[in-house]
Amino acid sequence: MAEQVRIAVVGPFSGPRSAWGELLRRSARQFTEPSLVWELHDDRGDAEWGVLRAGDVTDDGGYAAVIGHFNSAGAEGALPLYRRAGLPVVLPLATRPGLLAGSGGGALRWCPDDLGQLRAIAAAAAGHGLARLLVGHDDSDYGRHLAALFTALPAPPLALSALPSPWKPRAGDAVAVCGTHVGVAGVVRGLRRAGFDGRLFATDDCSVGEFAELVGTAGRDVHVTRLAGGPERRVEAAFTALAGALSGDPAARGERLLARIRAHADAAFTADGELDVSPGTDAGHGWEIRPVRPARPGTRGTGGAPAEVASFDVAVVGAGVVGSAVAAATAAAGARTALIDAGPAVPSATHWSGGIVRAYDPDPDMRALAVRSHQLLWGRSSGHARRYGFRRTGSLVLLGPGDLPEAVRGVVELQAGGIEAELLTVEDIADRWPQLAAGHAAGAVWEPGGGCADPRLTTSEYRRQALATGAQVLDDARVFALEPHPLGALVRLDGSSVLAHSVVVAAGSGTPALLAERLPAGAGTAEPVTRRIRYGYFDRGGRALPALVDLVTGVWGRPMPEEPGAGTLLVGRPVDEWGVPPGGGTQLTPEQVEYVRDGASTVWPWLREARCLGGRHGTDLYRKDGPLLGVVPGEPWTVVAACWSGGGFKTAPAAAESAAEKVLANLRRQGRISA
């Protein structure tokens, strides 16, 4: 096995603030790879415990970096220890003002500070015509600190003052409560019992689902401040950058690693490592105010509250690469868009994709989508495509004798689409890549501009674009039903619903359960079925290899230049396992490794002796009649984009463009967006 890189994840994994630690735990699970090990250190959300855990981490001496320290006071005490040890620190959620001021580096913070959220609350109160905002706290150190910052802010035309005790509410009053989500919930319940029926604002620690459970029916007209796009987004972005930096350069440490993290980040930072917020933005830049969502029926403190219904122009069900790209396109066109993400507990097919990118496909319809995807993304400038995790290695498709006539037509189509491509003989292959064995093939299609991409980075970039243009991401939102509604469709979630005028179903293996027999017009009658995919990482010994798909044997592979398993060849072989449950994992049995090795060594003979450095397995949705991409018959508001039969990643940009155009056309007919 390759040497593993260890990262310390420090956060509240127990105690009253463990709901926040769960965000870190989820991302640690999501980004688990053979070469990266995320080790959890529980600081209980307490400042003193945070410093103790920092001592444990630095004394160990074996960590490459630290991510976490949700508690700002704990981070403040721990940072000097990490600096002395030369350990880079990634802070997704520590919001104390001035935390990194004058540090000169050593840490990167993915979130704006608390002054922004306090200004956002003041602006929201003033925007509702309120004249006086009283500021209280939950008597925690954190709450008292925030309240003191708040009352010191200049906030005309709003009058800010501390919440007096005793206090008699008067018309036009509003109250902001600072503190931990558990403590603030108690204060809110007490204020309601005391007869206050006005607007309440709660600070960002309350932007977890548990707060709604704790506050119960007292949560009416309570608004919570949260990081724009949700705290989950900040955690995921931080993990993505750190994982990308270490996967591409596992030996990077200290300043070199910090530089690589910056290069992989979806944000810019100051010299001290603070998030570089653009000047001239509104007072609450980086923060948003959202009403408390009622707790799920049957849970603690709900008091029978009705399920929430949110309204959007477009609801995209599925946050894999296609769904995220659709949300980016519809939001950019001005449609109010919800991207519904089931979360890391239900990983999409994108998560397990091999990520091979090419324009040639033996199926004409898939080839047309692949050519268009090349024009939209993969064939653009290297700098642009690299933001999506794409690397040009070249693409080789081995052909059988029966594949040659279609390949001739396909190469002509690729060239007409501006894509460099040529037909090669077996002798050509042997001359160019002596490390390959292609004697069983009749030729190949070669695309110098093809290659591979990290599917998670591609998805993350589309998701970032969606958020930047106003889309709302509903995280950990399991979809249980999709029902017709007089205004479009009702997407039923766990404890809430989304009403949308148009819906895109890009739910991968979950699509059949949502749509049953409701298929797009002209799509045929074949039933979709799930199939297992399985592949291993093999040491390629420094060989320069193209991405390769063998239409004769069905095996495929591609080099891993900067991703988990860097320096390996990712190799897959078809598995005859059908009707399997969705999902996947990061372990292969020795028998499964040998099955992949035996098939792949037909093309890469040196694999017979190569070390296997890990493997993965996932699920794809297959259909004999081809992908589902179109409007559901009788439901002009519903578009489906699914069932790519294992080769859909390369076509995602064009598939998303097509799906987005269909829902936007529906919205234009309804007059909901401009033509």
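A residue counts as buried when its relative accessible area is under 20%. By that cut-off alanine 78, at 0% relative accessibility, is buried. The structure described here is a predicted model, and alanine 78 offers a convenient place to enter it. This residue sits in helix α3. Leaving aside residues up to four places away in sequence, alanine 78 touches Gly50, Val51, Ala54 and His69. The position of valine 322 gives a sense of scale: alanine 78 and valine 322 are 244 residues apart in sequence, and their C-alpha atoms are 41 Å apart in space.

One of the contacts of alanine 78, His69, deserves a closer look for its backbone. Histidine 69 lies in the loop between β3 (65-68) and α3. Although histidine 69 is not a glycine, its phi is positive, at about 55°. With a relative accessible area of 1%, histidine 69 is therefore classed as buried. A positive phi is also found at aspartate 221, again a residue other than glycine, where the value is near 55°. Aspartate 221 belongs to the loop between α7 (209-215) and β10 (222-227). Its setting is partly exposed, with a relative accessible area of 33%, whereas histidine 69 is buried.

Attention turns next to charged side chains. The structure holds 31 salt bridges, and a few of them are worth following in detail. In one of these, arginine 6 pairs with aspartate 60, with the closest N and O atoms 2.9 Å apart. Arginine 6 is in strand β1 (residues 5-11) and aspartate 60 is in helix α2 (residues 47-60), so this salt bridge ties together parts of the chain that are 54 residues apart in sequence. Both partners are in the middle class of accessibility: arginine 6 is partly exposed at 24% relative accessibility, and aspartate 60 is partly exposed with a relative accessible area of 39%.

A second pair brings us back to helix α3. Glutamate 76 forms a salt bridge with arginine 96, and the closest N and O atoms are 3.0 Å apart. Distant parts of the chain are linked here too, since glutamate 76 is in helix α3 (residues 72-85) and arginine 96 is in the loop between β4 (89-91) and β5 (107-109), 20 residues apart. The two ends of this salt bridge fall into separate accessibility classes. Glutamate 76 is partly exposed, at 39% relative accessibility, while arginine 96 is buried, with a relative accessible area of 17%.

A third pair stays within one helix. The salt bridge between aspartate 141 and arginine 144 has its closest N and O atoms 2.4 Å apart. These residues are 3 positions apart in helix α5 (residues 141-151), which means that about one helical turn separates them. Aspartate 141 counts as exposed at 60% relative accessibility, and arginine 144 is partly exposed with a relative accessible area of 35%. Salt bridges can also join into a group, and Arg367, Glu406, Arg409 and Glu413 are linked in such a network.

The packing of helices is illustrated by α8 and α9. Helix α8 covers residues 231-248 and helix α9 covers residues 254-264; their axes come within 8 Å and cross at roughly 120°. Since an angle of this kind lies outside the roughly perpendicular band of 65 to 115 and is not over 145, α8 and α9 are therefore oblique to each other. Their crossing is right-handed. On the α8 side, the contact is made by Ala241, Leu242, Gly244, Ala245, Leu246 and Gly248, and on the α9 side by Leu257, Arg260, Ile261 and His264. By residue type, this contact divides into 6 nonpolar, 3 polar and 1 charged.

A final example comes from helix α18 (residues 590-600), where arginine 597 is found. Arginine 597 is a charged residue, yet at 11% relative accessibility it counts as buried. Its surroundings can be listed directly: not counting residues up to four places away in sequence, arginine 597 touches Phe538, Leu607, Arg608, Glu609, Ala610 and Cys612.

Definitions and conventions
Residues are numbered from 1 along each chain as its sequence is written. This is a predicted model: local features need pLDDT of at least 70, side-chain atom pairs count only at pLDDT 80 or more; totals for chains, interfaces and linings use all residues. Side-chain values use heavy atoms; hydrogens and water are left out. Axes are lines fitted to C-alpha atoms, for helices over the stretch in contact, and angles run from 0 to 180 degrees between N-to-C directions. Helices (H or I, at least four residues) and strands (E, at least two) are DSSP runs, numbered from the N terminus. Angles under 35 degrees count as roughly parallel, over 145 as roughly antiparallel, 65 to 115 as roughly perpendicular and the rest as oblique. A crossing is left-handed if the near helix is turned anticlockwise from the far one by less than a right angle, and right-handed if clockwise. Contact means heavy atoms within 4.5 Å. A salt bridge is a side-chain nitrogen of Lys or Arg within 4 Å of a carboxyl oxygen of Asp or Glu. Buried means under 20% relative accessible area, exposed over 50%, partly exposed in between (1.4 Å probe, protein chains only).
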